[in-house]
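Work through the exercises below with the structure open beside you. Try each task before reading its solution.

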Amino acid sequence: MAPLAFLIEFVFGLLILAIVARAFLSLLPLDPYHPVVRLLFQVTEPILAPLRRYIPPVGMMDFTPLVAIILLQVVEHFLIALLQSL
């Protein structure tokens with residue numbers, strides 16, 4: 001079970017890191033067609049897009065990445081607890 005728990009933590013950590021990176025990169029005037037920017041969008045958009053339907057921006061602030069990170073952490077902890085109970 002430990003290797004599977006490590007894999008879950010690793011994957012969720014990468015997803016959270018990608019969301020944080022995308023949030024920071026959105027503050028910079030970068031080319032949206034740059035391969036790194038496109039990769040971040042491809043990885044994070046399936047997580048962020050559904051949340052944007054329910055979480056409107058407040059002024060110029062988009063809280064969707066913050067909510068996504070919290071939800072990812074909740075799911076990660078749930079999965080780890082489920083593995084430990086087996």
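The exercises that follow concern a predicted model.

**Exercise 1. Check the length of helix α3 (residues 64-85) against its number of residues.**

Solution.
- Step 1: Helix α3 has 22 residues.
- Step 2: The expected span takes 1.5 Å times one less than the number of residues. For α3 that gives 32 Å.
- Step 3: The end C-alpha atoms of α3 are 31 Å apart, which agrees with the expected span.

**Exercise 2. Decide how the buried residues of α3 are arranged around its axis.**

Solution.
- Step 1: List the residues. Thr64, Pro65, Ala68, Ile69, Leu72, Glu76, Ile80 and Leu83 are buried in α3.
- Step 2: Look down the axis. The buried residues of α3 fall within an arc of 130 degrees, so they line one face of the helix.
- Step 3: Recall the helix geometry. An α-helix has 3.6 residues a turn, so residues three or four places apart point the same way.
- Step 4: Turn to the other side of α3. Val74, His77, Phe78 and Ser85 are exposed there.
- Step 5: Find the cover. The buried residues of α3 are covered by elements including α1 and α2 (35-52).

**Exercise 3. Trace the salt bridges that join Arg22, Glu45, Arg52 and Asp62.**

Solution.
- Step 1: Start with the total. The whole structure has 3 salt bridges.
- Step 2: Take arginine 22 and glutamate 45. Their closest N and O atoms are 2.8 Å apart. This pair links distant parts of the chain: arginine 22 is in helix α1 and glutamate 45 in helix α2, 23 residues apart.
- Step 3: Add arginine 52, which meets glutamate 45 in a salt bridge at 3.2 Å, N to O.
- Step 4: Add aspartate 62, which meets arginine 52 at 3.5 Å, N to O. Aspartate 62 lies in the loop between α2 and α3, and arginine 52 in helix α2, so this pair ties together parts that are 10 residues apart in sequence.
- Step 5: Join the pairs. Shared partners make Arg22, Glu45, Arg52 and Asp62 one network.

**Exercise 4. Classify arginine 22 as buried or exposed, and list its contacts.**

Solution.
- Step 1: Buried means under 20% relative accessible area. Arginine 22 has 11%, so arginine 22 is buried.
- Step 2: Leaving out residues up to four places away in sequence, arginine 22 touches Leu40, Phe41, Thr44, Glu45, Leu48 and Arg52.
- Step 3: Compare a salt-bridge partner. Glutamate 45 is partly exposed at 27% relative accessibility.

**Exercise 5. Place phenylalanine 10 and name its surface patch.**

Solution.
- Step 1: Phenylalanine 10 is in helix α1 (residues 2-25).
- Step 2: Its relative accessible area is 45%, so phenylalanine 10 is partly exposed.
- Step 3: Leu4, Phe6, Leu7, Phe10, Val11, Leu14 and Leu17 make a nonpolar surface patch of about 680 Å².

Methods: Residues numbered from 1 in each chain as written. Predicted model: local features only at pLDDT ≥ 70, side-chain atom pairs only at ≥ 80, totals over all residues. Heavy atoms only, no water. Patch = residues over 30% accessible without salt bridge, like charges linked within 9 Å, V, L, I, M, F, W, Y side chains within 5 Å. Areas by Shrake-Rupley, 256 points an atom, 1.4 Å probe, with all protein chains shown as cover. Salt bridge = Lys/Arg side-chain N within 4 Å of Asp/Glu carboxyl O. Helix = DSSP H or I, 4+ residues; strand = E, 2+ residues; numbered from the N terminus. Buried < 20%, exposed > 50% of the residue type's maximum accessible area, 1.4 Å probe, protein only. Arc of directions from axis to C-beta. Contact = heavy atoms within 4.5 Å.
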